[in-house]
Amino acid sequence: MNRPIPTSGPSAREVRRSIDIAGIEDIDPVERVGRAAGVLARAFAGVSLAALGLSMLAACSATSIGGYGAPSAAALMQAQQNDEEKAKAARPDTRELYLSMIRQLQEHGSYFASLAHIDQFRIQYGAAPDVDLLRADALRETGQPDAAEQAYRALLGGTESAAAWHGLGLVAAQRKDYASAAQALREAVTRAPTEAFYLSDLGFALLRNGETSAARVPLAQAAELRPDNRKVLSNLAVYLVVTGERARAEDMMTRAKMPPSTREAINKLAADIKAHAKARRAAAAADTARLAAHEAASLSMPAPGALPVATAPGDAAPVVVRLSRPAHAPMPPATTATSRGDAKLARAADVSRSDMPTSMLDRFGRSQ
């Protein structure tokens, strides 16, 4: 015999509907109560979840109107503002996404495509140091060193100054001006002393410029800061080969699992650096010898028309030392007193002097 289900209470209709759906009219009363309790528990659980969702949408600390639990207008506005801020925080930043895409293009070597996207980015979001640096890098990698240098120099006074100095160093290295490259890369390292790539590039520029001993410290620092990077380790391997530590270089390349092509490039580059260093030393020696020869020649040959003067100790007047006359030099005309007297006698002989005897003329001529 079925007992009527109570109809009083706020959930009587829902209880009847749940029991009817469960089909427990002809079940044992004890079991029927147990099943009904389970259905009620599930029903109230759903209601509780719905209530919880509603409470999350409203402000927990909202003030009520009339004490009946209804949220105020200020609370609703605050809740809406909170929801908008949460949604904004959860929504991805389209600017950063676009910038990340441009960086990925450059990492894959698509610098020409990145230039086009950088132009589009600047149209949408305007110029900024981070995107301007990417533009300068793209200009350098697409064979536009002058434009790249101008772009880098425009960033020297801002937040990207270290990266801009690094870019200027790479531009100078492309021009094979390794002295200027080392100078610019030193500026970069001064501003970012723990940046491994700046240190590695500085060491390589010094190595190419013939400053082998100065290259050791930055190359070693870079290798310890980034022991997992093959580019950094390759530069250190070049240094080891150049300085004659081939065994250490081979061991390092083996531990880094460098392929044969990379090892071949390292050995070729090291040989090129050693050949340039040898040629540089030979040119310096030739310049030194040429300068010494020029100085020696200038000391042994006096200036035209000048007579060397030696002053004896204690003498007031200088002592003139006359150089011997070369054998091929012409003899100067005779200016002795005898020649002058003979000329006068010759002239006197032509003139008749009746007032003086001949012996007087002879004596006069000799005395003159």
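This is a short tour of a predicted model, with stops at its confidence, one pocket and one helix.

**Stop 1: confidence.** Start by colouring the chain by pLDDT. The mean is 75, and 60% of the residues reach 70 or more. Now select residues 1–37, where pLDDT stays under 50 and the model has 24 contacts beyond four places in sequence. Do likewise with residues 363–368: pLDDT stays under 50 there too, and three contacts beyond four places in sequence are present. Where pLDDT is low, the predicted coordinates should not be read in detail.

**Stop 2: the second largest pocket.** Next, select Leu-170, Asp-201, Phe-204, Lys-231 and Asn-235, the lining residues that lie nearest the centre of the second largest pocket. This pocket has a volume of about 330 Å³, and 15 residues line it. Show helices H8 (161–174), H9 (178–191), H10 (196–208) and H12 as well, since you will find that each supplies at least two lining residues. By type, the lining splits into seven nonpolar, four polar and four charged residues.

**Stop 3: helix H13.** Keep H12 (230–242) on screen and add H14 (260–300): both are among what covers the buried residues of H13. Then select H13 itself, residues 246–255. Which of its residues are buried? Pick out Ala-249, Met-252 and Met-253. These three lie on the same side of H13, because they cover an arc of only 100 degrees around the axis. Turn to the other side of H13 and you meet Ala-247 and Arg-255, both exposed.

For a last click, go to Lys-257, just after H13, which takes a positive phi of about 55 degrees.

Definitions and conventions. Residues are numbered from 1 along each chain as its sequence is written. This is a predicted model: local features need pLDDT of at least 70, side-chain atom pairs count only at pLDDT 80 or more; totals for chains, interfaces and linings use all residues. Side-chain values use heavy atoms; hydrogens and water are left out. Buried means under 20% relative accessible area, exposed over 50%, partly exposed in between (1.4 Å probe, protein chains only). Helices (H or I, at least four residues) and strands (E, at least two) are DSSP runs, numbered from the N terminus. The arc is that of the directions from the helix axis to the C-beta atoms. Contact means heavy atoms within 4.5 Å. pLDDT is the predictor's confidence in each residue, from 0 to 100. On a 1 Å grid over the protein atoms alone, a cavity is a set of points where a 1.4 Å probe fits but cannot get out, and a pocket is an open set with protein on both sides within 12 Å along at least five of seven lines; lining residues have an atom within 4 Å of a point. Grid points are joined across faces, edges and corners, and a volume is the space filled by probe spheres set on the points. Ala, Val, Leu, Ile, Met, Phe, Trp, Tyr, Cys and Pro count as nonpolar, Asp, Glu, Lys and Arg as charged, and the others, Gly among them, as polar.
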